[in-house]
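This report walks through a two-chain model, taking confidence, the contact between the chains, helix packing and a few local features in turn. Please keep the sequence and the structure open while reading.

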Amino acid sequence: MTVIDISPSVMQFLLAFIVVAPLLGALAALLPAPPGLRGRNPDQAVLRHGVTVTGAVLVAAIVLAAGFDHDHPATMQATTDISWIPALDVRIHLGIDGISLPLLVLTALLTFLCALYSYFKLPAGPSPKAFVALVLVLESGTLATFAVLDLLLFFLAFEMVLIPMYFLIARWGGDQRQAAAWKFILYTLLGSVVMLLGLLLIGLKSGTFDMVALATDNGRGLTTSVQVIAVLAIGLGLAVKTPMWPLHSWLPDAHTAAPTVGSVLLAGVLLKMGTYGFVRILLPVAPDGMRTFAPYLAAFAVVGIVYGSLACLALARTGAKGDLKRLIAYSSVGHMGFVLLGIATMTPTGVNGALFANIAHGLITGLLFFLVGAVKDRYGTADLDTLAGATGAALYGRAPRLGALLAFAAVASLGLPGLAGFWGEMLTLFGAYSPAEGLSRPAFRTFMAIGAFGTLLTAAYMLIVVRRVCMGEHAPHSRLSSDEQPQQAPRTADGPQPSGAAGSQPSGAAGSPPLETAGPRTATTPQLADIHPYEAAAWTPLVALTVLAGLWPAVLLGLTDPAVQQLLAGGKS
Amino acid sequence: MTADLSTTAGSLVAQAPAATAPGTGGAAGSLLAADVPSVVQSIDWLAIAPPTLTALAALVVLVADLFLPAHRKRLLGYATLTALAAALAFLIPLRSGDRSTFCVTTGAQACSYTADHFTVVIQALVLGGAFLTVLLSLDDTRKLPAGEYWFLLLASASGAALLPASRDLATLVVALEVASLPAFALVGIKRGDRGSSEAALKFFLSSVVATAVMLLGVSFVYATTGTLHLTEIAARLDDVAPVLDTLAKTGVALTLVGFAFKTAAAPFHFWVPDTYVGAPLPIAAYLSVVGKAVGFSGLILVTVIAFPSYADVWGPALAVLAALTMTVGNVAALRQNAARARSAVRLLAWSSVAQAGYLLVPIAAAAYSSDEQIGSTVAYALMYAVVNLGAFAVAALVARTHPGNRLSDYRGLYATRPLAALALGFFLLCLAGLPPGIIGLFAKVTVFSAAVDAGLGWLAVVMAVNVVIALYYYLQWTAILFRAPDGAPETAGPDTGSPASATPRRFRVPTPLTTAIVLTSAAGILLSGVPQTVLRFAAVSLF
């Protein structure tokens with residue numbers, strides 16, 4: 001069953017286009033705009049170029065998804081297989097199945113939304129030319145990670161995102177951006193170089209770097225000791241990226257310092273590269289090694305769940321000077337803990353849950369980072385204590401739609417049934433109840449119990465955040481400042497504004513008093529700009545998909561389940 | 001033993017006139033060989049053309065210097081360029097890699113000069129490196145004595161080109177000295193510059209010690225085996241008399257120490273930074289690429305061809321040396337002060353020490369698995385030669401406006417010279433081995449895979465850590481390039497991107513320098529698209 005019939009060669013072309021187009025777009029962004037595409041000024045032209053390219057990639061991804069044969073999601077489709085470096089046996093082998101397709105579409109969607117968002121609201125920093133080029137290279141690297149089927153090419157794609165993300169944080173970030181950017185790149189590089197050693201070990205011992213062939217072998221060509229070493233090395237690299245609990249410490253810093261768009265992409269798609277690697281490479285290629293480490297992985301995962309939640313609770317406390325972005329970064333550690341727990345069960349249920357949680361986290365956390373970025377722009381700070389003051393930031397009163405959306409994202413994140421966050425967590429816990437053969441049941445049931453406790457903690461801190469940010473006393477006396485809004489909003493929505501103004505002070509909220517002095521709020525708390533049209537445009541798809549995935553999980557599970565069954569069974573489903 | 005000595009002497013005698021008086025011995029020798037086995041060896045002129053042509057050009061340039069008026073001295077540089085290009089062109093008919101000459105006419109099959117694939121590739125690297133060095137120097141030589149400069153450069157290049165082809169220890173030592181002796185003079189060629197002469201002295205003393213040690217080692221090896229031909233040594237070392245075993249082992253070790261000096265492997269690396277900083281910039285580039293190629297190709301020849309039976313001695317030794325070299329180089333590069341004078345060259349010097357460590361890894365791996373591993377060294381060296389020369393070319397460009405050549409002088413290079421900045425960023429990321437420097441990444445992958453294949457897991461992990469350390473300083477330098485220039489605010493409005501707002505003092509860039517940068521960037525980008533071009537050497541046996 002396909003939504004529309006597309007010939008195989010067109011599908012091939014579409015997939016290749018999705019990977020290559022952003023790269024070409026990045027190159028084109030560095031060149032001066034051709035006549036006719038100049039726009040109002042060079043900055044506007046290059047930002048529009050970014051929207052065009054990511055939009056084209058998104059359209060291609062949607063067409064690809066429509067042409068995907070949904071009856072056989074376990075087979076690789078739209079495959080291209082060309083020899084590239086015979087000396088190293090590297091082949092340009094592209095293809096998608098039910099596991100990679102959702103991630104591919106998610107990446108294309110999030111990058112497009114980010115490009116759209118930056119078109120109207122460029123992060124403060126140097127020229128947007130480089131910004132657009134870097135975002136496009138980042139997109140290409142991420143898409144390639146999900147589309148390639150060769151171990152060394154996977155490594156290449158994995159590394160490709162490092163340099164753009166480094167510069168996005170270091171050049172367009174907030175406080176402490178240099179240190180955060182260094183921490184990000186050095187951690188991830190160390191992880192991925194160790195991962196390379198594991199990949200080489202697998203490739204050299206089994207004689208091929210082809211993921212499909214290796215998955216079909218299901219580890220039969222590799223001795224257990226080779227598998228154990230390979231899983232240790234590769235798992236370490238992927239765990240840094242995911243990030244798994246003791247290796248997560250780069251993440252909060254990177255998120256706190258990164259610009260909004262950087263945070264969205266980092267949480268939304270970059271973290272998925274780690275978990276995708278676990279599912280795509282480790283589970284099918286080295287099942288014996290994976291079985292050895294699964295209990296430890298699960299243990300670290302649940303520690304991550306509890307640790308992430310406790311860290312969030314600590315940050316959400318009054319007087320803790322918690323940064324909202326940092327808090328969401330820690331909540332990511334917890335959510336990725338669920339994903340890892342699902343993978344560690346090595347059962348179809350658990351892995352499906354993990355993949356579902358992966359997508360859900362991409363949608364919800366992407367949305368959360370967008371919203372927090374918007375709050376930070378309006379209040380001029382993301383510091384929870386400064387924001388909330390004595391009673392609360394009163395977002396419901398001051399910007400009702402923004403407040404409602406933040407509350408929505410928060411409850412989606414805590415796993416409310418009916419929204420996307422629920423199914424992933426439920427399925428992973430379900431999977432942990434009866435893990436794969438050879439894994440200790442009592443241990444995994446303990447992990448399940450601890451994980452379930454973690455969901456309670458998640459609910460606790462998310463509700464505290466909602467209470468402190470959305471509620472609070474609001475005295476809308478000053479009609480004056482709210483009258484100013486209509487004049488300011490169109491200006492911001494119009495197009496890129498001088499970024500100096502955008503970054504240094506809360507845009508669209510020029511009427512709000514300096515918040516340091518706002519401690520005991522007495523007279524007036526002025527109205528804030530509510531959601532701008534461009535913000536609505538960037539966020540609506542995420543909200544819609546969160547609801548859709550929550551109400552109709554079969555859309556995703558129908559895609560992933562057959563592919564997961566086949567991966568775990570070693571090619572013979 | 002005596003007979004063998006005489007044939008070796010014969011080969012030396014045959015070689016000596018080859019360089020100066022062509023066309024007498026060869027034909028006569030082959031005529032005689034028809035009836036009586038003659039000890040006079042035949043010469044394949046085509047096979048020895050690349051080093052011979054370079055050597056002849058050196059003499060021509062030296063003589064022509066005497067007769068050229070001062071304002072015509074520039075022609076000498078172009079003559080040098082042409083000679084090197086011609087020598088490179090002579091490599092084309094040698095591609096098949098099946099020629100050898102100066103073979104022993106009696107007894108065993110052993111040749112002193114072999115133009116196999118390894119030789120051809122390394123000769124291409126060496127001559128190409130010298131070619132780019134000439135491009136870098138064409139506009140820098142006004143203050144230097146032109147005739148001597150080009151003569152010395154060509155002489156050194158001819159030695160470097162002879163070395164990978166040598167298949168006996170005597171030729172090897174002679175080639176090594178021909179390559180090194182002019183290099184001392186080149187380092188010290190800046191007259192009246194104290195730094196330059198100090199650098200030359202340091203380089204000279206350490207190098208001479210290395211040569212002495214190596215000659216001692218060579219004599220020990222000769223004493224135990226009674227032959228100088230590498231293949232013969234390999235055969236005879238298999239069954240050394242027990243009495244001579246210690247002597248043989250010592251000989252092997254001392255010979256290796258000599259080459260380790262030349263490759264600047266730790267702990268024999270201390271001369272590198274001062275020498276590079278004191279030498280004229282193009283010569284530093286030359287030493288970092290060609291000098292290194294000389295060292296490691298000699299090392300490959302003696303280890304893999306002459307001493308395979310002592311793999312258990314040199315294998316672990318080279319592995320430790322590699323780990324030590326890359327760590328020392330990277331840690332020292334990390335500690336460079338960006339504001340110190342000539343810190344850019346100093347950083348490149350330390351980075352070249354670290355890169356030498358990576359180059360040694362596959363040689364060490366060859367001891368544990370097969371000779372094919374050294375192909376990874378060759379592939380890596382080719383990548384390194386291209387991008388390192390490219391980095392030096394941009395450094396030479398910046399040195400024209402900022403003679404101090406501090407790292408901080410590179411700040412905002414993107415605003416003044418966007419293409420040069422992009423090129424340097426690309427070269428540095430290739431050296432670091434991260435995309436977009438795809439060729440750097442895959443060259444590192446081949447080195448890693450050689451180590452993993454040979455079971456040298458610990459060395460692979462050490463190298464992995466080193467790659468991360470190295471990234472720090474390469475990326476730091478890259479980041480400096482794209483910073484806003486001094487004086488301009490870091491987070492300016494969006495219109496800083498347009499070149500109109502920044503009005504740099506633009507100097508006209510000399511054409512040869514531009515050519516060098518364009519050539520190296522084109523090669524780097526081409527290799528990134530088609531890495532197979534150099535990586536194919538990693539998959540086949542080159543001998």
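## A residue and its contacts

Two residues are taken to be in contact when their C-beta atoms, placed from the backbone, lie within 7 Å. The model discussed here is a predicted one, and A:F68 is a convenient place to apply that cut-off. Leaving aside residues up to four places away in sequence, A:F68 touches A:T2, A:Q77 and A:L101. A:F68 itself is found in the loop between helix 2 and strand 1 (77-85) of chain A.

Is A:F68 buried or exposed, judged by its C-beta neighbours? A residue is called buried if 20 or more other C-beta atoms lie within 10 Å of its own, and because A:F68 has 23 C-beta neighbours inside 10 Å, A:F68 counts as buried. The C-alpha atoms of A:F68 and A:G98, which are 30 residues apart along the chain, are separated by 9.0 Å.

## Confidence in the model

The model scores ipTM 0.85 and pTM 0.88. Chain B has an average pLDDT of 84, and 89% of the residues in that chain score at least 70. Within chain B, the lowest confidence falls in helix 1 (residues 2-20), with a mean of 41, whereas the highest, at 94, is found in helix 5 of chain B.

Two stretches of chain B deserve a cautious reading. Over residues 1-33 of chain B the pLDDT is below 50, and this stretch has 41 contacts in the model beyond near neighbours in sequence. Over residues 489-504 of chain B the pLDDT is also below 50, with 32 contacts in the model counted beyond near neighbours in sequence.

## The contact between the chains

How many residues does each chain bring to the contact? Chain A contributes 35 residues and chain B contributes 34 residues. On the side of chain A that touches chain B, at least two residues each are supplied by helix 2 (42-67), helix 4 (128-147), helix 5 (151-160), helix 6 (162-172), helix 7 (177-206) and helix 21 (499-504) of chain A. Helix 7 of chain A gives the largest share of that side, eleven residues. By class, the residues on the side of chain A that touches chain B comprise 28 nonpolar, four polar and three charged.

## Helix packing in chain A

Helix 4 and helix 5 of chain A, both named above as suppliers of the side that touches chain B, also pack against each other: their axes come within 8 Å and cross at roughly 150 degrees. Angles over 145 degrees count as roughly antiparallel, and helix 4 of chain A and helix 5 of chain A are therefore roughly antiparallel to each other. The crossing of these two helices of chain A is left-handed.

From helix 4 of chain A, the residues A:V137, A:S140, A:G141, A:A144 and A:T145 meet A:F154, A:A157, A:F158 and A:M160 in helix 5 of chain A. This contact of helix 4 with helix 5 of chain A has six nonpolar, three polar and no charged residues.

## Chain B and its helix pair

Chain B holds 21 helices and two strands, and buried residues make up 58% of its 543 residues. Among contacts in chain B between residues at least 6 apart in sequence, 79% join residues at least 24 apart.

The axes of helix 5 (residues 117-137) and helix 6 (residues 146-162) of chain B come within 9 Å and cross at roughly 165 degrees, which makes helix 5 of chain B roughly antiparallel to helix 6 of chain B. This crossing in chain B is right-handed. Helix 5 of chain B makes the contact through B:Q123, B:V126, B:L127, B:A130, B:T133 and B:V134, and helix 6 of chain B through B:L153, B:A157, B:A160 and B:A161. By class, the contact of these two helices of chain B has eight nonpolar, two polar and no charged residues.

## Backbone details

A cis peptide bond, with omega about -10 degrees, joins A:T242 and A:P243, and A:P243 lies in the loop between helix 9 (224-241) and helix 10 (250-257) of chain A. In chain B, the peptide bond from B:P435 to B:P436 is cis, with omega near 10 degrees, and B:P436 lies in the loop between helix 17 (418-432) and helix 18 (438-453) of chain B.

A:A78, in strand 1 of chain A, is a residue other than glycine with a positive phi, near 55 degrees, and A:A78 counts as buried because it has 25 C-beta neighbours inside 10 Å. A:N218 is not a glycine but has a positive phi of about 55 degrees; A:N218 is placed in the loop between helix 8 (211-217) and helix 9 of chain A.

Key
Residues numbered from 1 in each chain as written. Chains lettered and ligands numbered in written order. Predicted model: local features only at pLDDT ≥ 70, side-chain atom pairs only at ≥ 80, totals over all residues. Helix = DSSP H or I, 4+ residues; strand = E, 2+ residues; numbered from the N terminus. Nonpolar A, V, L, I, M, F, W, Y, C, P; charged D, E, K, R; others polar. Buried ≥ 20, exposed ≤ 12 C-beta atoms within 10 Å, placed from the backbone. Axes fitted to C-alpha atoms, helices over the stretch in contact; angles between N-to-C directions. Parallel < 35°, antiparallel > 145°, perpendicular 65-115°, else oblique. Left-handed = near helix turned anticlockwise from the far one by under 90°. pLDDT = per-residue confidence, 0-100.
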